[in-house]
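Me: I would like to go through this model piece by piece. Short answers, please.

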Amino acid sequence: MADTSVPKAMEGLAISKTKELKGTEKRDTLIEIEKRYQLKWEEERVFEVDAPSVDEFPLGSITAAELREKFPKFFGTIAYPYMNGRLHAGHAFSFSKIEFHTGFARMQGKRTLFPLGYHCTGLPIKASADKLVKEVEMFGRDFENYKEEEEEEPAAAPAPKGNKEDVSKFNAKKGKAAAKTIKAKYQWQILQSVGIPKEEIHLFADAQYWLEFFPPECKKDLTNFGARIDWRRQFVTTDANPYYDAFVRWQMNRLKELNKIKFGKRYTIYSIKDGQPCMDHDRSEGEGVLPQEYTALKLKVLEWAPKAAEVIKGKVPEDASVFLVPATLRPETMYGQVCCFVGPTLAYGVFKASEKEYYVITERAAKNMAYQGIFEKEGVIEKVADFQGSDLIGTEVHAPLSFHPKVRVLPMESVLATKGTGVVTSVPSDSPDDFAMVTDLAKKADFYGIKKEWAELEIIPIIQTPTSDLLAPYLVKKLKISSPKDAKQLLEAKELAYKEGFYAGVMKVGDFKGEKVEIAKPKVREQLIKAGEAFAYSEPENKVVSRSGDECTVALMDQWYLDYGEDSWRAIAYDYVANKDGSGLNTWSPDTQHAFKGVIDWLRQWACARTYGLGSKLPWDPHFLVESLSDSTIYMAYYTIAHWLHTDLFGREKGRANITPEQMIDEVWDYVFCRTQLTDDIVKKSGIPKETLEGMRREFEYFYPLDLRVSGKDLIPNHLTFFLYNHIALFPREYWPRSVRANGHLQLNGEKMSKSTGNFMTLDEVVKKYGADAARVALADAGDGISDSNFVEDVADNTILRFYNNKEWIEEVIKDEQLRTGELNAFQDALFDNEMNALVNEAKKQYEETSYKLALKAAHYDFMNARDSYREACNAAGIPLHKDLVWKYIRLQALILTPIAPHWADYIWQEVLGEPRSIQFATFPVVPAADPALSAAREYVKTTSSNINSAESAQLKKMAKGKQSDFDPKKPKKLTIFITDSFPSWQAKYIDLLKEVWDPATNTQKIDDKELNGKIGKMGEMKKAMPFVQTLKKRLRDGEPADVVLARKLVFDESTTLLAMIPGLMRAAGLESVQVIQVAEGSKKGKDLTKNSEEVDVTAPVAESALPGQPSFFFSNV
């Protein structure tokens, strides 16, 4: 019997901030439908798709491009999920983008392929499994020896934005507003928190068991979600699948042959605990952080301060030199050193670099140096003495290059132990922080316990900028910085000083006098290093923590690396992303393209191998494994033939080709992926029949290139850019990816998703709670841009009601024998028919642009609103709905919702409409273009109805203020509507202006809005002219013909439309009567259109404000 109790350390998980549902009957009805159709789709193999066979079209008889033109296709993928946990709502958000696109592509008549594999490579699974091995040893197989304990810690800071949820990390809070944090200390607790029974957890101590357990869960969750995935093509990565392993080894071999993989010393983020580089996917904190290289300056101690002399005595050989070692990013400023700063409360050590040299630095800096060839013994940290920073105050050191060769060590409270070496050299001429500090030291020498003259060395100009040759003092004065504690102003000053100094500065002193700073900087650095007065030093630019919990350093290692910074490779990638000729990469948004360009600009060498974790062995150096961001760059090609190779995840059962992994030699991969032609030697060497090889090649050449890659924006700095680079290197140009669509992260109910706060849902929980279609609608509604989106549970909950009620109405209305037949009428029917056509075309446009929130608006919300308006209009007119339009609505509603809500749509399609085949095989409906006149009339109906309500409210407000006393809303009401067929004469000149600046051929404005507004302003009457011009521009952009709009005519008959509206207006507004009066400018007479154009007196002042298409309204009692 499984232990279902909640451990003490898990109690925080019991508190959920997600919505609580009250009634579930309607939801359960819809879920039952969903399960039924998911089973039908599986049984009918609806989502399994193959390329046209070589039997139908022999290889070589038709080019791949011609075949794709003859049989249009779509191939889309998402970054395969990592198998150390269940999918959550954030995963589902990215999945939804490719899922909706796949559904729409099917409806375009394309052979549509959406496959999925499972990523298992790297450190996370192995690290978690190894933790469990130790925990089983500590507590027993079922952790029966564990005693509950609490760890009190300060409340955790908010997690970095974009962190991924998985079961190798956990942070739960106990209570809704606890002052302390309860952490799941052990890996077994984390697994138990996600529903793994305690007696099964020990199985996860075997890393391979994770590969057995989580992929089927992933498949189950996505199947329940209604994903259109061809599951024949699924696989796991690593050498657990020998076919995929052969594929990765081929990829690595070819990259090495192309000189894309190289070997040499390079700085890399490194885990001392793990004994290997720590790449992005191996990190629990610090994804995207790179090594930051400094110049470490050697400031030789000339005379120790008394306390320091006492500490160091006898601990360093007399003939050895001791150096304080500041790390600087600005070696060109070293001419201006006036002192050296340490943090008075920081801990420092004296570390042995060699027999003759010792460095005063922090322990953290020593850990970095130990693996960079700086210390005599690699990886050995030998500390001979400990200092507190205050012990060093007053020590005299030699400052290389400085005009002041002897400077003192002084205190600076803001020095950090977590940045650089903990030692900072001071250049107040160009560093605002340094100038503010030395100024304060000189003012308060006694307070700081120093001699005043130590802080009063002359500040010598060393760099000329357009602003000053003493830029730091200038900025400190300009920004009114009075203390080193003015952190905000100092940060601003620092940024200004660095930018101007580096980009616009010229050296005034030294061997490179007269040269630009950006040119002189590396020369000064090289000079210092050659003279033995400095050395290269690197550390992580921000904190990095490995999955094993180790805070990482930087190591200078012999490594196999991908040379992404190589000039020609980078130039091709950049041009492809820039897409200037339209044949490159479609990124769907300028923000995504900009992000790609930025990454390509800075991305350089990337370590592609490690020694610990799961993965494929490097073919030529098998004690290394291919790291997780290097074996996952071109696997989309593997999808095309996966089902030919194996029928299961692990490649244990042969696929259609009936071949072994050993037969998939490198030459076979080359041929299948269109890199070479078939030879007898390949057939003989591999033992694979020619027909089989040609069949596999056909699958690749037909489905490639990849049409769409969907991923979170956080993968642009690594995976997505690597994906482009590797395709460019390995495949012919014809097969490079067509597009990448990046999305933002997903919030839940307006807040960051987090297990620790209870604002978190797995995909399984979302689907069980709301059903698949309602969840999909909420995901479509969440947003489409690269900025963060928001899954709102109320949207999912309300969708259940909408879908259920719409289903009930549809099932009822098709049985209604009172539905009208015959010709459509010119008002209610015509407007509804036209609006449906407009919304179908609008939905299609938004689907094509992958704008699913807007597609949902047109296909669901607006489409239902159009139907409801039609029902109300017919009801008000006392006529039944038209049968043809009812059936058209039902059919179109099912079709245009299919990409987003396929279960509901298929139920309506097959069980209500009686279609024999799944709606998944239907094409997107083709309807006539909307009639601009009918669209304008429909918009007029909506606007007028709304304006009538507003007019009554405005009239009541006037009455409340005593401005009107002859209308009582409680008595029977009469509405008088004033219309006119001519515009006021003052508008003519603005019409002429719009004629001048509008291009009817392109339906665009010839000048920008700023210039147009300037012209309007010069003509007077700006206040009333601007709204008038904007209204006309909207009509033009909505498709009304320019010759109609600019002739000051309406595209529809206003009086006819308004008279047809009267029954509906009377019913909606509770009116006793409605009078429509046509008026003319300047006249006190009008025609009553409700009484055969009988002439009447016009006394209401509002009559004068009527315009064509914009009537005015007056309420009175009858």
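Me: In the open sheet of 4 strands, which strands stand at the edges?
Reply: This is a predicted model. The sheet has the order β4-β3-β21-β22, with antiparallel pairing. Two of these strands have a single partner strand each, so one side of each is left without a neighbour in the sheet. The edge strands are β4 (276-277) and β22 (605-607).

Me: What is the bridge partner of Tyr-270 in β4?
Reply: Strand β3 (residues 261-271) runs antiparallel to β4. The two are joined by 2 bridges. In β4, Tyr-270 has as its bridge partner Pro-277.

Me: How many residues of strand β19 are buried?
Reply: Strand β19 spans residues 534-540. It is largely enclosed by the rest of the structure. Buried here means under 20% relative accessible area. The count for β19 is 6 of the 7 residues.

Me: Which residue of β19 is the bridge partner of Pro-291?
Reply: Strand β6 (residues 291-297) pairs with β19. The sense is antiparallel, over 7 bridges. For Pro-291, the partner in β19 is Pro-540.

Me: What length does helix α14 reach from its first C-alpha to its last?
Reply: Helix α14 covers residues 487-504, which is 18 residues. At 1.5 Å a residue, 26 Å is expected. The helix comes close to that, reaching 25 Å.

Me: Within what arc do the buried residues of α14 fall?
Reply: The buried residues of α14 are Leu-490, Ala-493, Ala-497, Gly-501 and Phe-502. Seen down the axis of α14, they line one face of the helix. On the other side, Lys-488, Leu-491, Lys-499 and Tyr-503 are exposed. The buried set falls within an arc of 135°.

Me: Which elements do the buried residues of α14 pack against?
Reply: Among the buried residues of α14 are Leu-490 and Phe-502. The packing partners of the buried set include a strand, β17 (463-464). The full list is α11 (432-443), β17, α13 (471-478) and α15 (517-530).

Me: Is Glu-135 buried or exposed?
Reply: Glu-135 is found in helix α4 (residues 123-139). Beyond four places away in sequence, it touches Gly-140, Phe-143, Tyr-186, Gln-187 and Trp-188. Its relative accessibility is 5%, under the 20% limit. Glu-135 therefore counts as buried.

Me: How far apart in space are Glu-135 and His-202, C-alpha to C-alpha?
Reply: In sequence, Glu-135 and His-202 are 67 residues apart. In space, C-alpha to C-alpha, the separation is 9.0 Å.

Me: How far apart are the end C-alpha atoms of residues 210-790?
Reply: An unreviewed UniProt entry annotates residues 66-135 and 210-790 as "domain: Aminoacyl-tRNA synthetase class Ia". Residues 66-135 are 53% helix and 13% strand, with end C-alpha atoms 60 Å apart. Residues 210-790 are 34% helix and 20% strand. Their end C-alpha atoms lie apart by 31 Å.

Me: What percentage of residues 980-1037 is helix?
Reply: The unreviewed UniProt entry labels this span "domain: Leucine--tRNA ligase RagD-binding". Its end C-alpha atoms lie 24 Å apart. Strand takes up 7% of the span, and helix 62%.

Me: What percentage of the residues in the chain is buried?
Reply: The chain has 36 helices and 36 strands. Its C-alpha atoms fill a box of roughly 120 × 80 × 65 Å. Of the 1118 residues, the buried share is 55%.

Technical notes. Residues numbered from 1 in each chain as written. Predicted model: local features only at pLDDT ≥ 70, side-chain atom pairs only at ≥ 80, totals over all residues. Heavy atoms only, no water. Expected span 1.5 Å × (residues − 1). Buried < 20%, exposed > 50% of the residue type's maximum accessible area, 1.4 Å probe, protein only. Arc of directions from axis to C-beta. Contact = heavy atoms within 4.5 Å. UniProt positions renumbered as here; feature names shortened; annotations may be inferred. Pairing = 2+ DSSP bridges.
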